[in-house]
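Dear colleague,

I am passing on a structure that you may wish to look through before you set up any work of your own. Please open it first; my notes on what was found follow below.

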Amino acid sequence: GGIFGYFARLPRSFRLTQDSLKIVGSSHFPVSVYVMLHQKSPHVLCVTQQLRNTELVDPSFQWHGPKGKIISENSTAQVTSTGSLIFQNFEESMSGVYTCFLEYRPTVEEVVKNLQLKYIVYAYRDPHFYYQFTARYHAAPCNSIYNISFERKLLQILSKLVLDLSCEVSLLKSECHRIKMQRAGLQNELFFTFSVSSIDTDKGRKPCTDHNCETSKRLSKAKNLIERFFNQQVEALGKRVEPLPEIYYIEGTLQMIWINRCFPGYGINSLKHPRCPECCVVCSPGSYNPRDGIHCFQCNSSLVFGAKACI
């Protein structure tokens, strides 16, 4: 029933609209519902689209979730007087199948009718994404102390460059290789791999107060600053009259790629979740994600939502 999932991709500041989102059931298939982790859910109604527009006499609603019958006094899941299910602060462990049993009379004279509506409620999170970039430098001999101090300095410069954007640069890999050039001697080259990612504001570091707080905007600004920094190095080398320094950037070697990641136990799957195609949705039973890639892998023995291992 993936196609019939309901989902609204809302900017953070727009949370209120989610309250007004209402999801109706179907008597033919389970309906998928997506709730952002730690947020309030849309209203999950205990009616079909057809019944929503008709009068129901003496309706009674009963909800059952993964942990059994839901009592409206329950703090996390509430059932309204009109039979809608609402989650106040959605936790990953609340993901699962929810069933509503509806009893009603179409008119006062008719007999009681029964209806059973199934929903699959999934926790989801935004992907955490970053840029990964590689660059090569002509270097001092490979075991030289100069290379190490240069590496530190470069990381400091790059980090400072993007700090105001609440981004951070991390060195992922640094390797020194001896390269035999065509028609020339041996030379030493440093191969760097960095990541530039957004600093999580909830970790209590310097939160970003600017209205351009959206991660992807900040990251693309950071990317532009880094590209400009490497281009300036090329220009500076071109203007030099004296011989080249021992360590310098090799023109044209900077490459930047955008990388999407989910958290362990979550994955992106636009075929299974067409209404939430770019979300990291909690892995369904029968699948798991051990690392922070973007896929839930198949695992027939995992019976829970959000499995991080195939046990």
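To begin with a single pairing in this predicted model, K22 has H43 in strand β3 as its bridge partner. The two strands concerned, β1 (residues 22-25) and β3, run in the parallel sense and are paired over three bridges. Strand β3 itself spans residues 43-48 and is mostly covered, since six of its six residues are buried.

As for the chain as a whole, there are four helices and 18 strands, and 40% of the 311 residues are buried. If one takes the contacts between residues at least 6 apart in sequence, 62% of them join residues that are at least 24 apart. The exposed area comes to about 17900 Å², of which carbon and sulfur atoms supply 53%.

Salt bridges come next, and a search of the whole structure finds four of them. In one, the side chains of E92 and K308 meet at 3.5 Å, N to O; this pair links distant parts of the chain, with E92 in the loop between β7 (85-87) and β8 (96-105) and K308 in the segment after β18 (297-298), 216 residues apart. K308 has a relative accessibility of 44% and therefore counts as partly exposed.

Another joins E189 to R136, with the closest N and O atoms 2.6 Å apart. Because E189 lies in strand β12 (residues 186-198) and R136 in strand β10 (residues 128-139), the pair ties together parts that are 53 residues apart in sequence. The two partners are not covered alike: E189, at 3% relative accessibility, counts as buried, whereas R136 is partly exposed, with a relative accessible area of 30%.

A further salt bridge is formed by K223 and E227, whose closest N and O atoms are 3.2 Å apart. These residues are four apart in helix α4, so about one helical turn separates them, and E227 is partly exposed at a relative accessible area of 25%.

Helix α4 covers residues 215-239 and also holds Q233, which counts as buried because its relative accessibility is 18%, below the 20% cut-off. Leaving aside residues up to four places away in sequence, Q233 touches Y137 and Y249.

Finally, on the surface, I145, Y146 and I148 make a nonpolar patch of about 350 Å². I145 belongs to helix α3 (residues 145-163) and is exposed, with a relative accessible area of 62%.

With best regards

Definitions and conventions. Residues are numbered from 1 along each chain as its sequence is written. This is a predicted model: local features need pLDDT of at least 70, side-chain atom pairs count only at pLDDT 80 or more; totals for chains, interfaces and linings use all residues. Side-chain values use heavy atoms; hydrogens and water are left out. Buried means under 20% relative accessible area, exposed over 50%, partly exposed in between (1.4 Å probe, protein chains only). Contact means heavy atoms within 4.5 Å. Accessible areas come from the Shrake-Rupley method with a 1.4 Å probe; for residues, only the protein chains shown count as cover. Patches are made of residues with over 30% relative accessible area and no salt bridge: like charges are joined within 9 Å, nonpolar side chains (Val, Leu, Ile, Met, Phe, Trp, Tyr) within 5 Å. A salt bridge is a side-chain nitrogen of Lys or Arg within 4 Å of a carboxyl oxygen of Asp or Glu. Two strands pair if DSSP finds at least two bridges between them.
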